[in-house]
Amino acid sequence: QVQLVESGGGLVQTGGSLRLSCAASGTIFSINAMRWYRQAPGNQRELVATITSNSSTNYADSVKGRFTISRDNAKNTVYLQMNSLKPEDTAVYYCNAYVLLSPRVHLSDCWGQGTQVTVSS
């Protein structure tokens, strides 16, 4: 029905930048909130950033001032611009979306497959 595909991960040195993308495809009426999560080995998955349908944003304290979430509603795509990366940002990054297949049919918890971000010291 709906597929989320992340891209843009990779290996970067401390202080570097990466831009993640997550494109949603399928039978989509609209998308409400979109989020980025991350999970490092041995850790629980944590919420990194949220953007609502009207582009209000919220960030985890650990990434405020360094990461920027944005979206292109015409492309059903969410982005995460990550600057001043630190080794502790190393994780698999997942996008999550609340998708409306129709005004009455909602998929509240759609996930992508994840993309690896590795920051070397």
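**Entry 1. Cysteines**

I began with the rule for a disulfide, which is a pair of cysteine sulfur atoms within 2.5 Å. I note that the model I am reading is a predicted one.

I then asked how far the sulfur of C110 lies from the closest cysteine sulfur. The closest is that of C95, at 9.4 Å, which is too far for a bond. I looked up the accessibility of C110 as well and found 10%, so this cysteine counts as buried.

How many disulfides does the rule give? I recorded one. The partners are C22 and C95, whose sulfur atoms are 1.9 Å apart. I read the torsion about their S-S bond as about 40°, so I entered the disulfide as right-handed. C22 belongs to strand β3, residues 18–26, and C95 to strand β9, residues 91–100; the bond therefore ties together parts that are 73 residues apart in sequence.

Are the two bonded cysteines buried or exposed? C22 has a relative accessible area of 1% and is buried. C95 is buried too, with a relative accessible area of 1%.

**Entry 2. The nonpolar core**

I turned next to the largest nonpolar core, which has 32 residues. Which of its members touch the most others? I listed W36, L80, M82 and Y93. Two or more core residues come from each of β3, β4 (30–39), β5 (46–51), β7 (67–72), β8 (77–82), β9 and β11 (115–120). Strand β9 gives the largest share, five residues. As general background I wrote down that nonpolar side chains tend to be buried together in soluble globular proteins.

**Entry 3. Surroundings of V48**

I chose V48, a residue of strand β5, for a separate look. V48 is buried, and its relative accessible area is 1%. What does V48 contact once neighbours within four places in sequence are left aside? I found W36, Y37, R38, N58, Y59, A60, V63, F67, L80 and Y93. Among these contacts, W36, L80 and Y93 had already appeared in my list of core members that touch the most others. I also checked V48 against I69: the two are 21 residues apart in sequence, and their C-alpha atoms are 9.4 Å apart in space.

**Entry 4. Aromatic rings**

I searched for aromatic pairs and found one in the structure. Y37 and W111 form this pair, with 4.9 Å between the ring centres and 55° between the planes, and I entered the arrangement as tilted. Y37 lies in strand β4 and W111 in strand β10 (residues 106–111), so the pair links distant parts of the chain, 74 residues apart. The accessibilities came next. Y37 is buried at 18% relative accessible area, whereas W111 is partly exposed at 31%.

I then looked for charges over rings. R19 lies over the face of Y79, 4.0 Å from the ring centre. R45 has its charged end over the ring of Y94, at 3.8 Å from the centre.

**Entry 5. Salt bridges**

How many salt bridges does the whole structure hold? My search gave four. I examined several in turn.

R38 and E46 meet through their side chains in a salt bridge, 2.6 Å from N to O. R38 counts as buried at 6% relative accessibility, while E46 is partly exposed with a relative accessible area of 33%. R38 is also one of the residues I had listed in contact with V48.

D61 and K64 form another salt bridge, and their closest N and O atoms are 3.2 Å apart. D61 is exposed, with 65% relative accessible area; K64 is partly exposed, with 48%.

D89 and R66 form a salt bridge as well, at 2.7 Å from N to O. Where do these partners lie in the chain? I placed D89 in the loop between β8 and β9, and R66 in the loop between β6 (57–59) and β7. The pair is 23 residues apart and links distant parts of the chain. I found both D89 and R66 buried.

Last, I asked which residues are linked in a network of salt bridges. I recorded R38, E46, R66 and D89.

How values were computed. Residues are numbered from 1 along each chain as its sequence is written. This is a predicted model: local features need pLDDT of at least 70, side-chain atom pairs count only at pLDDT 80 or more; totals for chains, interfaces and linings use all residues. Side-chain values use heavy atoms; hydrogens and water are left out. Helices (H or I, at least four residues) and strands (E, at least two) are DSSP runs, numbered from the N terminus. Buried means under 20% relative accessible area, exposed over 50%, partly exposed in between (1.4 Å probe, protein chains only). A nonpolar core is a set of buried Ala, Val, Leu, Ile, Met, Phe, Trp, Tyr and Cys residues joined through side-chain atoms within 4.5 Å. Contact means heavy atoms within 4.5 Å. Rings of Phe, Tyr and Trp (its six-membered ring) pair if their centres lie within 6.5 Å; planes under 30 degrees apart count as stacked, over 60 as edge-to-face and the rest as tilted. A charge sits over a ring if NZ of Lys or CZ of Arg is within 6 Å of the ring centre and within 35 degrees of the ring normal.
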